[in-house]
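Here are some exercises to work through with the structure open beside you. Try each task before you read its solution.

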Number of protein chains: 2
Amino acid sequence: MRRLVILAEGRFSVHGAKTAIGVLRFSPDQTVAILDSTRAGQDAASALGLADVGAGVPVVATVAEALAFHPTDLLIGIAPIGGQLPDAWRPTLLQAMEAGLNLISGLHVFLDDDPELHAAAEAHHVTIWDVRRPQPDYAMRIGRGLPHRQGSRTVYFAGSDCNVGKMTGALALDREARGRGWDSVFAATGQTGIMISGVGVPADRVISDFVNGAVEKLVLDLTEQHQWVFVEGQGTLCHPAYSAVTLGLLHGARPDAQILCHEAGRTHINEYPDYPLPSLRGLITVYETAAGWLHPAPVVGVALNTVNLSEDEARAAVEAAAQETGLPATDPVRFGSAALLDALERFFHGR
Amino acid sequence: MRRLVILAEGRFSVHGAKTAIGVLRFSPDQTVAILDSTRAGQDAASALGLADVGAGVPVVATVAEALAFHPTDLLIGIAPIGGQLPDAWRPTLLQAMEAGLNLISGLHVFLDDDPELHAAAEAHHVTIWDVRRPQPDYAMRIGRGLPHRQGSRTVYFAGSDCNVGKMTGALALDREARGRGWDSVFAATGQTGIMISGVGVPADRVISDFVNGAVEKLVLDLTEQHQWVFVEGQGTLCHPAYSAVTLGLLHGARPDAQILCHEAGRTHINEYPDYPLPSLRGLITVYETAAGWLHPAPVVGVALNTVNLSEDEARAAVEAAAQETGLPATDPVRFGSAALLDALERFFHGR
C-alpha cells in the first residue's frame, strides 16, 4: 500500500486538481498530505470545500513538512495544459526523490526520460512511474473491430466536455455495482484512472493510428473476465482539440450502451468560448450516431455533475435533465448511482 | 533533384504499392528504377498495367542493378501493415547505404532510431528521412479551433475507406487547379503525400491528443499563403481501426467543403469483411454530420477511383455515383477534375 503526497501547488481546488480529487476519492492508496503552499494549514476537505473528500488530510507547504507523515510516493495531482513539466516543479521532485519518495506522473512528457530526474531516481533508489506511457501491448496494436464475449456488457461514459465527471461517474457506478454483487470492473483510459486502478490505456498518449486498437484490447480483455465493463470516456466528440481521442476510444471500446456525463450549467467547451455545447438531447444524438457507425450503443441515462450547485439546485438540475432527455438522471457522487444502474439493468434485460 | 530507387519487393502492383505509384505519378523527383525481384525485367508501367504511370522506368531485382541508373536515394514504396520494418528488407537497406544512397521511409518505426541503420548512415555519410516523424512544430500542439483567413477555401478529401484515392484526388485537383491559374496547394497528411510535397503532418503518427492541433497548424499556415487548400484525408470515420485519425484530421482541417472519395465497387472496409460500407449518400451524411459538430462543410462532389473498371464501366460508375448523390462526379485520374473544380467554384461563389 502506497502512502501518497499529492503535488497540487497553487491549484488544489475543485476545478484545478482533478487528478488529486480522483485519487483522494477512489484510490486504494492512502493520501497522507497535499502539497500546496497557497493553501497550507487546512485539511484537504476544507481547502476543496467538499465534505466527502480528504477530511483530515493535511495540506502542507513543503516536501520537508510532508515527510512528517511518512509518505512513500509523490504523485503529481494537477495537469498543466499540454502536459509539459513546469520548471518550478523540478526542485520539488528532486527533493522528494532525495528523501526516498518514488514519483508518479501523468504528464505527457515522461519524467523518466529527463536525464536529471532519471539520474536522481537511480542515485536515490526510487522509481518513476510515467502513467501515460503506453504499455507495449497497447502501444502499436491495430484495431480489429472484434465482437465482445457473448453476455458481457460494455458501457461507455460519454462526455459533454473534458472534466465533467466521466471518470468519476464510471468509478462511482462500478463501486455501487460491486456493492450490489454485480461482476463489474472500471476500464481506465486516462492518467488519473490508471493511477487509481493500476492498469489501463492512456488513450490520449497513444499514437493516433493505434488508439482504437489499444482501447479495443483493454476492453476485450476485461470483457473476458467480467460481466460489466464501465469504460471511462475522454474529451468529447465536439471538442476542437480532443475529438480524435474521443472517437478512437468510443469505437475501440465498442460499447453496448452509453451514459451521458455533463456538468450542470456548463454551456461552452471549457477554454473554447466560441464553441457552445449542444443540448443534452443533441449530445445524445451525436454519441449514438458516432457509435452507430460501427456498433449501436444507445444512451440509457445521464450522470450530472452538480458540484457547483446547492442541494436544492442540484435536485432541480437532475430533474430537468431527466425531463429534457426522457432518461433516468442522477448525480452519482451526490445522490448515488441507483437510477443509472437500474436503467442499465433494464436495458440489458431486454436483450 | 533526387533520383529515386523505389523499394517495392514482391508488391509492385496497383493495389500493393500505393506509395510507389503516388511518387511515380506526382513527385517532382525522378524515379530511375523500381526494386521488385518478382517483376524484374519489365518497365514499371507494364508491371502495374497502367499506361500513365512509370513508362520506361525499369523494374530491377537487386540494389546492384539499380546502381546502373545513378540513383541518389532509396525510397521505401510499400507499406507493411502496422508499419514495422520486415527483417528481409534490412540487407537491402544496408546495401543501398553502402552504395551511397540516402533512405526515405514512411514506416511507423523510425529507421534512424535503429542502431544498425543509424550507424550505417553515419559510416557512409548518407541521410535517413523518416517521413512519418512529426516535426517539432506539430508534435505536441493543442488544437484551438481557430477560424481560417477570410477568403481562403479549405477542401477536405473524405474517404469511404483507406486506399480509395483521397491523396490522388487531392493532388489531381491541385494540379488541375494550378493549371487553371488558381492559387492552390496540396496539404499532405500522410507519408506518401509528404514524400511528394516535402512537407506536411503525418497525422496517423501524431499522439492522439495532438492530431487536431497539428493538422490545424498545417492548414492555418497554408490558408495564410494560398486561396485554395486541398487537404488529403486519411482512413474513414466508419473504420474500426483508424476513425480517430480521420476525425482529428477532419476537425483540425476545419474545411469549408468536402469531396467524397470512393473506389468503385468496394463494398466493405478493406480487410474488415464484417464492416460493410454505407452507401455514398450515407457516407455524405456521416462526413457532413461529423464536420458540422464544429464547422459545417458540405460535400460538393464525388471523386471515384475506377482503376479496376474498363472505360465503359468507369463512365457508367461515374454516372451512377452522380445519380445516387445528386452531385458532380468524376474519376480525376481518368477523366480529369473539371467537374469537381467547377462544383467547388460554384459552391464558393455563392458565399
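## Exercise 1: A pair of helices in chain A

α9(A) and α10(A) are oblique to each other, and the task is to show why.

**Solution.** The model is a predicted one, so take the geometry below as that of a prediction.

- Step 1. Find the two helices: α9 of chain A covers residues 211–225 and α10 of chain A covers residues 243–253.
- Step 2. Read the geometry: they pack at an angle of about 40°, with their axes 7 Å apart.
- Step 3. Classify the angle. Under 35 degrees would count as roughly parallel, and 65 to 115 as roughly perpendicular; the angle here is about 40°, and α9(A) and α10(A) are therefore oblique.
- Step 4. Add the handedness: α9(A) passes α10(A) in a right-handed crossing.
- Step 5. List the residues that meet. From α9(A) come V211(A), N212(A), G213(A), A214(A), V215(A), E216(A) and V219(A), and from α10(A) come V245(A), G248(A), L249(A), H251(A), G252(A) and A253(A).
- Step 6. Sort them by class: seven are nonpolar, five polar and one charged.

## Exercise 2: The sheet of chain A

Work out the strand order of the six-stranded open sheet in chain A, and name its edge strands.

**Solution.**

- Step 1. Begin with β1 (residues 3–7) and β2 (residues 30–35) of chain A, which run parallel and are joined by five bridges. L4(A) has T31(A) as its bridge partner in β2(A).
- Step 2. Turn to the other neighbour of this strand: four bridges join β1(A) to β4 (residues 73–76) of chain A, again in parallel. In β4(A), L4(A) is partnered by D73(A).
- Step 3. Go on from β4(A) to β5 (residues 102–105) of chain A: the two run parallel, with three bridges between them. Here L75(A) has I104(A) as its bridge partner in β5(A).
- Step 4. Put the whole order together: β3-β2-β1-β4-β5-β6 in chain A, with parallel pairing.
- Step 5. Name the edges: β3 (59–60) and β6 (128–130) of chain A each pair on one side only.

As a reminder, strands of a sheet pair through backbone hydrogen bonds.

## Exercise 3: A sheet in chain B and the helix on it

Find the order of the six-stranded open sheet in chain B, then say which strands helix α7 of chain B touches.

**Solution.**

- Step 1. The order is β8-β9-β7-β10-β11-β12 in chain B, with parallel pairing.
- Step 2. β8 (184–187) and β12 (329–330) of chain B are at the edges with a single partner strand each, so one side of each has no neighbour in the sheet.
- Step 3. Inside this order, β7 (residues 153–159) and β9 (residues 228–232) of chain B run parallel and are joined by five bridges. R153(B) stands opposite W228(B) in β9(B).
- Step 4. Now place the helix: α7 (residues 166–179) of chain B packs on the sheet and touches β7, β8, β9, β10 (257–263) and β11 (299–305) of chain B. The direction of α7 makes about 160° with that of β9(B).

## Exercise 4: Two more helices in chain B

How do α11(B) and α12(B) pack, and which residues meet?

**Solution.**

- Step 1. The angle between α11(B) and α12 (residues 311–325) of chain B is about 55°, and their axes are 9 Å apart. That makes α11(B) oblique to α12(B).
- Step 2. The crossing of these two helices, α11(B) and α12(B), is right-handed.
- Step 3. L280(B), R281(B) and I284(B) of α11(B) meet A321(B), E324(B) and T325(B) of α12(B).
- Step 4. By class, the residues of this contact are three nonpolar, one polar and two charged.

## Exercise 5: Where the chains meet

Describe the side of chain B that touches chain A, and relate the two copies.

**Solution.**

- Step 1. Count: 36 residues of chain B are in contact with 36 residues of chain A.
- Step 2. Find the helices: α9 (211–225), α10 (243–253) and α11 (280–292) of chain B each supply at least two residues of that side. α10(B) gives the most, with six residues.
- Step 3. Sort by class: this side of chain B has 20 nonpolar, 11 polar and five charged residues.
- Step 4. Superpose: a turn of 180° and a shift of 0.0 Å along the axis lay chain B on chain A with an RMSD of 0.0 Å. The two copies are thus related as by a two-fold rotation axis.
- Step 5. Compare the surfaces: 100% of the contact residues of chain B recur in chain A, and the same surface serves both copies.

Methods. Residues numbered from 1 in each chain as written. Chains lettered and ligands numbered in written order. Predicted model: local features only at pLDDT ≥ 70, side-chain atom pairs only at ≥ 80, totals over all residues. Contact = placed C-beta atoms within 7 Å. Nonpolar A, V, L, I, M, F, W, Y, C, P; charged D, E, K, R; others polar. Axes fitted to C-alpha atoms, helices over the stretch in contact; angles between N-to-C directions. Parallel < 35°, antiparallel > 145°, perpendicular 65-115°, else oblique. Left-handed = near helix turned anticlockwise from the far one by under 90°. Pairing = 2+ DSSP bridges. Least-squares fit on C-alpha atoms with pLDDT ≥ 70 in both.
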